[in-house]
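User: Hi! I have a structure open here and would like to talk through a few spots in it. Could you help?

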Amino acid sequence: MEWIQQLVNGISLGSIYALIALGYTMVYGIIKLINFAHGDVFMLGAFIGFYAVARWEMNIFLALILAMILCAVIGVIIERVAYKRLRNATRIAALITAIGVSLLIEYTVIFFRGASPEAYPTVFATKNIEIFGAQISTLAIFILSVSIVLMILLQFIVHKTKIGKAMRAVSHDADAARLMGINVDNTISATFAIGSALAGAAGVIFGIYYTRIDPLMGIMPGIKAFIAAVLGGIGIIPGAMVGGLVLGVVETVVSALGYSLWRDAAAFVILILILILRPAGIFGKNTREKV
């Protein structure tokens, strides 16, 4: 029964990684950019949710929606200010800019509010529910439910809406999409908005789950979410979901076996193995690149 509980905890943690990884993989799939500032948008989402609940006395669902909206706006601003002018620049220039934006966000937050952590308020009474003999926390069920709803919503947007069709067209061939009348710039901005909104939601549920947030909290979850995206096949949306869930379960199992100090190392071991054995990821396909 304890293993069932650990599995649920791992899926809950993995769903947070999956939500962040979706932003990485969507942006990479369209403009081939690793947006390392994405983890800091996740951090901003956690703080927006904290202030919404603790200072503005919103309920958790309104705080979640507010965090998603504001993070979507922040994501578009980052794209328009920092990345839009680098569309035709070298990959390394865009990568360095992404790292610079990440540091700018982190230390701007520290400048205005300090580096001290905050304790997330209790948003609802947590109790255990017995499922198949295992005691499952209602908090884990809440996190998993929110993540599943958001992932289903993303699949609907990508496959059933006009903007989703535009995103898939731009991902396949931006020049051909432009010739067909698609506004590529707006499509890229929409991609950043959706990915950042998901990161904002992940920040809120991360704060509820771990109860402690700080301005540098986006670094390690951001890196792990990137590993999850690579594991599933970066640029592939279902791959980011599966990669996040697998990574969360592996970390939880490592901790349950008594090696909690090695849980971060486990993520990097997975990254090394996937790059050696299957660089394209679980869902990726090896493609020839003309030099």
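**Contacts, helices and salt bridges**

Analyst: Happy to! Leaving out residues up to four places away in sequence, Ser-189 touches Val-76, Glu-79 and Arg-80. Keep in mind that this is a predicted model.

User: Which helix does Ser-189 lie in? And is Ser-189 buried or exposed?

Analyst: Ser-189 lies in helix H8, which covers residues 184-210. Its relative accessible area is 6%, under the 20% cut-off, so Ser-189 is buried.

User: Thanks! Switching to H10: how far apart are its end C-alpha atoms, and what span should its residues give?

Analyst: Helix H10 has 20 residues, 237-256, and at 1.5 Å a residue these should span 28 Å. The end C-alpha atoms are 29 Å apart, which agrees.

User: Which residues of H10 are buried?

Analyst: The buried ones are Ile-237, Gly-239, Ala-240, Met-241, Gly-243, Gly-244, Leu-247, Gly-248, Glu-251, Thr-252 and Val-254. What covers them includes helices H1 (2-31), H5 (138-160), H9 (219-232) and H11 (263-277).

User: And what comes just after H10?

Analyst: Gly-258 sits just after H10 and takes a positive phi of about 95°.

User: Glu-251 is on that buried list. Which residue does Glu-251 form a salt bridge with?

Analyst: Its partner is Lys-224, with the closest N and O atoms 3.0 Å apart. Glu-251 lies in helix H10 and Lys-224 in helix H9, so this pair ties together parts that are 27 residues apart in sequence. Both Glu-251 and Lys-224 are buried.

User: What else does Lys-224 meet in a salt bridge?

Analyst: The side chain of Lys-224 also meets that of Asp-264, at 2.4 Å from N to O. Lys-224 is in helix H9 and Asp-264 in helix H11, so the pair links parts that are 40 residues apart in sequence.

User: Why do Lys-224 and Asp-264 count as they do for burial?

Analyst: Lys-224 has 4% relative accessibility, so it counts as buried. Asp-264 is at 30%, so it counts as partly exposed.

User: Which residues are joined into one network by salt bridges that share partners?

Analyst: Glu-79, Arg-80, Arg-87 and Asp-185 form that network. Glu-79 and Arg-80 are also among the residues that Ser-189 touches.

User: How many salt bridges does a search of the whole structure find?

Analyst: The search finds nine. One of them is between the side chains of Arg-113 and Glu-118, at 3.1 Å from N to O. Arg-113 and Glu-118 are both buried.

User: Back to H11 for a second. What is Ala-267 in contact with?

Analyst: Ala-267 is found in helix H11. Leaving aside neighbours within four places in sequence, Ala-267 contacts Lys-224, Ile-227, Leu-247 and Glu-251. Its relative accessible area is 0%, so Ala-267 is buried.

User: How far is Ala-267 from Val-204?

Analyst: Their C-alpha atoms are separated by 22 Å, and the two are 63 residues apart along the chain.

User: Last topic: at what angle do H5 and H6 pack?

Analyst: H5 and H6 (residues 162-172) pack at about 75°, with their axes 5 Å apart. The two helices are therefore roughly perpendicular to each other.

User: Which residues make that contact?

Analyst: From H5 come Ile-157, Val-158, His-159 and Lys-160. H6 brings Lys-162, Ile-163, Gly-164, Lys-165, Met-167 and Arg-168. The residues of this contact divide into four nonpolar, two polar and four charged.

Key: Residues numbered from 1 in each chain as written. Predicted model: local features only at pLDDT ≥ 70, side-chain atom pairs only at ≥ 80, totals over all residues. Heavy atoms only, no water. Helix = DSSP H or I, 4+ residues; strand = E, 2+ residues; numbered from the N terminus. Expected span 1.5 Å × (residues − 1). Buried < 20%, exposed > 50% of the residue type's maximum accessible area, 1.4 Å probe, protein only. Contact = heavy atoms within 4.5 Å. Axes fitted to C-alpha atoms, helices over the stretch in contact; angles between N-to-C directions. Parallel < 35°, antiparallel > 145°, perpendicular 65-115°, else oblique. Nonpolar A, V, L, I, M, F, W, Y, C, P; charged D, E, K, R; others polar. Salt bridge = Lys/Arg side-chain N within 4 Å of Asp/Glu carboxyl O.
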